[in-house]
Amino acid sequence: MKDETQALKDETQALENGKDFSSSRFSCLLATKDRDFLLSPTGLQVKVSDLDGKVVGLLFAANWYPPCRSFTQMLVGIYEELKSSVSDFEIVYVSSDEDADAFSTYYGHMPWLATPFSDLETKKALNRKYDVEGIPCLIILQPDDSQEDATLGNGVELVYRYGIQAYPFTNQRLEQLQREDRERHENQTLIDLLTNYNRHHVLGHPGPKQVPVASLVGKTIGLYFSAQWCVPGAKFTPKLISIYHKIKQMLAINGKDEEFEIVLVSSDRDQASFDSYFSSMPWLALPFGDPEIKKLARHFDVQGIPCLVILGPDGKTITRHGRSLINLYEENAYPFTKAKVEQLEKQLEEEAKGLPSLVYHQEHRHQLNLVSDGNGGGPFICCVCEEQGSCWAYQCLECGYEVHPKCVKAVNRDSISVTN
Ligand SMILES: [Zn+2]
Ligand SMILES: [Zn+2]
């Protein structure tokens, strides 16, 4: 409570400090009564009033947190591209680094402005004003005070999703992008997704076999976004390979094994890693470094890998959650349609009726409770197989430990020997 009161005081103070010498929107936010400037990468001070008339992004981040480092790296590219064509855009870094040295090093990689590291008051006031709960966070302010309600809190998401296209970050621009997104998905075809003007094939085995994309039209296709360096991918890929073979066997009974295919969409960093990763897989792939790869990741809003997007025979998206469906239902998930998933959920519901509501599990010292989506559960990462789960789970109410029902190794209470 005390902390909150203090923070409110801080904010009021910061706002009042601003009013002392200027009524400009950005001065109120970013200047104090002793400081009317921001830091710049060249070491020169830049007047806060220089921001007037610009779209300003406030970047809340810290060097010690890897997601901040990767976001910053991407934002630098976008910032430099934007600055080469427009002059009314700026970013101001608001640091949560642990000390002045860390700040200097991290800020040394940024081409934009910053509030001084020593100015904790301004940082606190900004955090409070914009409800910054996690980093990285990018708040986008429009130049005009009267557009206060046009302030966007989800700049990170927008930059990841739309890149430079999101500029000038107005609601109008975003509505337009979302409309275009919807249209793109409604009109999506496999040919458009997987080919470009000079490539009409994907890669097969043995290399350098080329498979025409046209031959995949009418099939159920999994787009597998992954990379050899991806740690969860190293676990999921062998599983997907085994399920892939099982689906093919299942379909082969009716002579329909050609109806399903997977295409690797790799974000490997070099040709050699791609070659070795792809050679371990029984399916097809887009060529390494193909320009369509980035477009596909953006089109399907792939925010983490591995990710399995399933396309139906008409080329439209069935689901972006192929990975968790494979984890939950294995080969039975095929063909991943809504109707199929509903049927599987019902089945799971029935099976869950037969599960004990409490168990002791070999790898956990506390008792685990059976929970479901609507009943204490929700999406989780299984502590045994480290894969995603949803629907039913065994959960520890004491520490949040959670596992798939199928991953539980049930034991008597007395035989638990683990120390966690
Ligand atoms: Zn599991
Ligand atoms: Zn526990």
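Mentor: Before we start, helices and strands here are DSSP runs, numbered from the N terminus, with at least four residues for a helix (H or I) and at least two for a strand (E). Bear in mind also that this is a predicted model.

Trainee: Okay, which residues does the cis peptide bond before P136 join?

Mentor: That cis bond links I135 to P136, and its omega is about -5°.

Trainee: And where does P136 sit?

Mentor: P136 is placed in the loop that runs between α5 (120–129) and β6 (137–141).

Trainee: What about the peptide bond from G207 to P208, cis or trans?

Mentor: The bond from G207 to P208 is cis, with omega near -5°, and P208 itself belongs to the loop between β7 (201–203) and β8 (210–212).

Trainee: Switching to phi now, what is the sign of phi at D301?

Mentor: D301 is not a glycine, yet its phi is positive, at about 50°; the residue lies in the loop between α11 (291–299) and β12 (307–311).

Trainee: Is D301 buried, exposed or partly exposed, and why?

Mentor: D301 is partly exposed because 14 other C-beta atoms lie within 10 Å, whereas a buried residue would need 20 or more and an exposed one 12 or fewer.

Trainee: Then E330, what is phi there, and where is the residue?

Mentor: E330 is likewise not a glycine and has a positive phi of about 50°, and its position is in the loop between α12 (322–329) and α13 (338–353).

Trainee: How many C-beta neighbours does E330 have inside 10 Å?

Mentor: E330 has 15 C-beta neighbours inside 10 Å, so it counts as partly exposed.

Notes: Residues numbered from 1 in each chain as written. Chains lettered and ligands numbered in written order. Predicted model: local features only at pLDDT ≥ 70, side-chain atom pairs only at ≥ 80, totals over all residues.
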